[in-house]
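Dear colleague,

I am handing over the structure that I said I would send, and I would be glad if you could look through it with the notes below beside you.

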Amino acid sequence: MKKPKNEVKITFHSRSVNERLARSIVAAFAAQADPSVSVLADLRTAVSEAVTNAIVHAYPDEMGKITMTLKLYDDGRLTVKIADRGCGIPDVAEAMTPLFTTGGEERSGLGFSVMESFCDKVKVRSKVGKGTAVTLYKTLTEKGGESR
Amino acid sequence: MTVKIEEADKTLTAFLSGEIDHHTAKPAREQIDYAIERGGADVLRLDFAEVSFMDSSGVGLVMGRYRLMQSRGGQTFVQNATPPVMRMLKLAGLDRLPIWEKEEKKK
């Protein structure tokens, strides 16, 4: 992968109020590539799922830090990496199974399914006791939009 | 997000507006559940007309209320689902639940 033409990195506390903040930052960053309204909506939803997972599951009993790294490439591709230093996922394949949840009755277990259907690709790396990094890949515009 | 609740003829309608995520779903469901427990409504209507964003937390919100109403012998209906809301509910398979009135499901 070539070098990104723009990059932003932000770290925030694992407070649920930051779910909206993360969505807004991603939308504002992606806007420079002039994506369609529906592409932007998909991206906001996928990011919301990934950040919620980190808040709910990575740090169940404590406050931790979540780092979001956004990279935009010349050809219109965007990557969003959401990384935590929380408890980690013992079995990533199981965690990514639709409807699997450890979050109780009000969690649908659809987070990863939503990320996968709203993005081009989702990559998950996790180590128990070390943390998890979820990377979302999304093409914003086929031409790459205008360079600004 | 905000929830406005109206009750008439044993029907409780919750008008949801704004962004539904994990952060906002909790107070919303508490407000709706309180109204269900307090009143004697047979029918719950969840109105999504003014919802601008919804992630999978909204699926939990619908499912949880559906189960609660079912346990009380009542019914739940989803109304005015916008395209992004509908897409999320369909992804979760909620289009197969009896929560739609005929004209809604065709959207």
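What follows is a description of chain B, of the place where the two chains meet, and of a few sites in chain A.

Please bear in mind throughout that this is a predicted model.

Chain B

Chain B is built from four helices and four strands, and these follow one another along the sequence in the pattern β-β-α-β-α-β-α-α. Its radius of gyration is 12 Å, close to the 13 Å that the globule rule gives for 107 residues, so chain B is as compact as a globular protein of that length. The C-alpha trace of chain B spans about 30 × 30 × 20 Å along its principal axes, and 55% of the 107 residues of chain B count as buried. Among the contacts in chain B with a separation of 6 or more, 68% are made by residues 24 or more positions apart.

The interface between the chains

Where chain B meets chain A, 20 residues of chain B are in contact with 22 residues of chain A. The area buried between chain B and chain A is about 1800 Å², and carbon and sulfur atoms give 48% of that area. Of the area that chain B buries against chain A, B:His22, B:Phe53 and B:Arg87 supply 29%, more than any other three residues.

The polar side of this interface comprises 10 residue pairs in polar contact, counted where both residues have pLDDT 80 or more. On the side of chain B that touches chain A, the elements α1 (22-38), β3 (43-54), α2 (57-71) and α3 (83-91) of chain B each supply at least two residues, while α2(B) gives the largest share, seven residues. Sorted by class, that side of chain B has seven nonpolar, six polar and seven charged residues.

Salt bridges

Over all chains the structure holds 12 salt bridges, and the count between chain B and chain A is five. One residue that recurs here is B:Glu19, which forms a salt bridge with A:Arg23, the closest N and O atoms being 2.5 Å apart. Because A:Arg23 lies in helix α1 of chain A and B:Glu19 in strand β2 of chain B, this pair joins two chains. A:Arg23 has a relative accessibility of 0% and so counts as buried, and B:Glu19, at 11% relative accessibility, counts as buried too.

The side chain of B:Glu19 also meets that of A:Arg20 in a salt bridge, at 3.5 Å from N to O. A:Arg20, in contrast to those buried residues, is partly exposed, with a relative accessible area of 45%.

Within chain A, a salt bridge pairs A:Asp42 with A:Lys138, with their closest N and O atoms 3.5 Å apart. This pair links distant parts of the chain, since A:Asp42 is in helix α2 of chain A and A:Lys138 is in strand β5 of chain A, 96 residues apart. A:Asp42 is buried, with a relative accessible area of 12%, and A:Lys138 counts as buried at 9% relative accessibility. Returning to the interface, salt bridges that share partners join A:Arg20, A:Arg23, A:Arg44, B:Glu19 and B:Asp21 into one network.

Sites in chain A

Helix α4 (residues 111-118) of chain A is mostly covered, with six of its eight residues buried; these are A:Gly111, A:Phe112, A:Ser113, A:Val114, A:Met115 and A:Phe118. What covers the buried residues of α4(A) includes α2, α3 (92-95), β4 (121-127) and β5 (131-139) of chain A, together with α3 of chain B.

A:Leu40 is found in helix α2 (residues 37-58) of chain A, and, when residues up to four places away in sequence are not counted, A:Leu40 touches A:Ala27, A:Ala30 and A:Pro35. The C-alpha atoms of A:Leu40 and A:Leu140 are separated by 7.9 Å, although these residues are 100 residues apart along the chain.

A:Thr69, finally, has its place in strand β2 (residues 65-72) of chain A. With 12% relative accessibility, under the 20% limit, A:Thr69 counts as buried. Leaving aside its neighbours within four places in sequence, A:Thr69 is in contact with A:Glu7, A:Val8, A:Lys9, A:Thr79, A:Val80 and A:Lys81.

With best wishes

How values were computed
Residues are numbered from 1 along each chain as its sequence is written. Chains are lettered from A and ligands numbered from 1 in the order in which they are written. This is a predicted model: local features need pLDDT of at least 70, side-chain atom pairs count only at pLDDT 80 or more; totals for chains, interfaces and linings use all residues. Side-chain values use heavy atoms; hydrogens and water are left out. Contact means heavy atoms within 4.5 Å. Buried area is the accessible area (1.4 Å probe) that two parts lose on being put together, summed over both. A salt bridge is a side-chain nitrogen of Lys or Arg within 4 Å of a carboxyl oxygen of Asp or Glu. A polar contact is a pair of N or O atoms within 3.5 Å; within protein, one must be able to donate a hydrogen and the other to accept it, and residues adjacent in sequence count only if both atoms are side-chain atoms. Ala, Val, Leu, Ile, Met, Phe, Trp, Tyr, Cys and Pro count as nonpolar, Asp, Glu, Lys and Arg as charged, and the others, Gly among them, as polar. Buried means under 20% relative accessible area, exposed over 50%, partly exposed in between (1.4 Å probe, protein chains only). The radius of gyration is taken over C-alpha atoms; the globule rule is 2.2 Å times the number of residues to the power 0.38.
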